[in-house]
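Q: Could you take me through one part of this model up close, the way its helices pack? After that, I'd like to hear about the pockets too.

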Amino acid sequence: MLTIKKILQEAILALRKQNIDHSPRESRILLAFTIGKSPEYVFGHPEQSVSEEHYQLFLEYIVRRSQGEPLSRIMGEREFWGLSFLLSQDTLDPRADSETVIEAALKHKPKVEQPLHLLDFGTGSGCLLLSLLKEIPDAIGIGVDISLNALQTAQKNAFFHHLNDRAFFINSHWGHALQGTFDIILSNPPYISEEDFKNLKDNVRHFDPYRALVSGMDGLECYRALAQDCSRLLSPQGILVLEIGENQEIDVIHIFKSNYFKYVTTYRDLASIPRALVFNLQN
Ligand code: GLN
């Protein structure tokens, strides 16, 4: 009979024979995912039997993991701002660095009477918009993406977090389909240059969607497009919070200053890298 303990031992042995690096902790997480239980359950029930079908599925996952596929991609979900988000092929795998955008938005959110209107450009899994909606209970928001598939995933996440009455999704190339003004505009746009893409780590290059990563020759193309649309769509008292890549702070500030924005401040991520820029409109 196949038991949890036996399966973990066999998987580890099989991988070792092929000289494949593995982490017993990850094997346990993947087995738990396969059989639909928690990793604690797997840890506490070594004698529990496992079906042949589950065993085969588990081996498949282990092989994918050993080929560099991130755990979050295999399991189709990732935790962000303490919430769990479904992923799909067309969504970026949310990074902890992007939590800096939420932190900055909460610190600078406009103090107005009426419920805040939020807008998230390139919403992907919806992680930025939905996390911020969770934090601001009476706000409503729109997530925009050029990928219909990504929007479906974002919509599922909105349902899952009971935010479907406050989160709406629109298929648009940046702001083309939008009118009106918003109090907080967020974006973690693609910001990798075509050249840098070639040197990205395999686990990013192979598993995150190209369209969510790359932004023209110099990595700044999406900021140029956003600067124009955001100056039209930001309310007079509103704030714009943008994620940036390494060494892009000066260039991005320059682009937005040339489009009527006033630079407010920079937030750094946990590695002390400038990660989120805050702007408002000049009076
Ligand atoms: N806003 C989404 C995120 O932060 C997607 C960003 C993107 O695709 N560049 O994960």
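A: Let's start with helix H12 and helix H13, which in this predicted model make a right-handed crossing. H12 covers residues 221-233 and H13 covers residues 249-257. Their axes come within 9 Å, with a crossing angle of roughly 30°. Angles under 35 degrees count as roughly parallel, so H12 is roughly parallel to H13. Now zoom in on the side chains. On the H12 side, the contact is made by Tyr223, Arg224, Leu226 and Ala227, while H13 brings Val252, Ile255 and Phe256. Sort these residues by class and you get six nonpolar, no polar and one charged. That charged one is Arg224, because Arg counts as charged.

You can look at other helix pairs in the same way, because two packed helices are described by the angle between their axes and the distance between the axes.

Take helix H2 (residues 24-35) and helix H4 (residues 52-66): their axes come within 9 Å and cross at roughly 140°. That angle makes H2 oblique to H4. If you're wondering about the cut-off, an angle has to be over 145 to count as roughly antiparallel. The H2 and H4 crossing is right-handed. H2 puts Glu26, Ser27, Leu30, Leu31, Phe33, Thr34 and Ile35 into the contact, and H4 answers with His54, Leu57, Phe58, Tyr61, Ile62 and Arg65. Here the mix is eight nonpolar, three polar and two charged residues.

Next up is helix H6 (residues 99-108) with H7, where the axes come within 10 Å and cross at roughly 40°. This makes H6 oblique to H7, and the crossing is right-handed. Where they touch, Val101, Ile102, Ala105 and Leu106 of H6 meet Leu128, Ser131, Leu132 and Glu135 of H7. By class, that contact holds six nonpolar residues, one polar and one charged.

H7 turns up again once you look at the empty spaces. Rolling a probe the size of a water molecule over the atoms shows where empty space is left. The largest pocket holds about 640 Å³ of space. Its lining has 24 residues, and those nearest the centre are Tyr191, Ile192, Leu200, Gly245 and Arg275. Helix H10 (202-205) and helix H11 (210-213) are the elements that give two or more residues to this lining. Ten of the lining residues are nonpolar, six are polar and eight are charged.

The second largest pocket has about 510 Å³ of space. It is lined by 30 residues, with Gly122, Asp145, Pro190, Arg211 and Ala212 closest to its centre. The elements giving two or more residues here are helix H7 (127-135), strand S4 (140-145) and H11. So what's the class mix of this lining? It comes to 14 nonpolar, ten polar and six charged residues.

Two helices are worth finding again on screen. H7 packs against H6 through residues including Leu128 and Leu132, and H7 also helps line the second largest pocket. H11, meanwhile, gives two or more residues to the lining of the largest pocket and does so for the second largest pocket as well.

Terms used:
Residues numbered from 1 in each chain as written. Predicted model: local features only at pLDDT ≥ 70, side-chain atom pairs only at ≥ 80, totals over all residues. Heavy atoms only, no water. Axes fitted to C-alpha atoms, helices over the stretch in contact; angles between N-to-C directions. Helix = DSSP H or I, 4+ residues; strand = E, 2+ residues; numbered from the N terminus. Parallel < 35°, antiparallel > 145°, perpendicular 65-115°, else oblique. Left-handed = near helix turned anticlockwise from the far one by under 90°. Contact = heavy atoms within 4.5 Å. 1 Å grid on protein atoms, 1.4 Å probe; cavity = no way out; pocket = protein on both sides within 12 Å on 5 of 7 lines; lining within 4 Å. Points joined across faces, edges and corners; volume = space filled by probe spheres on them.
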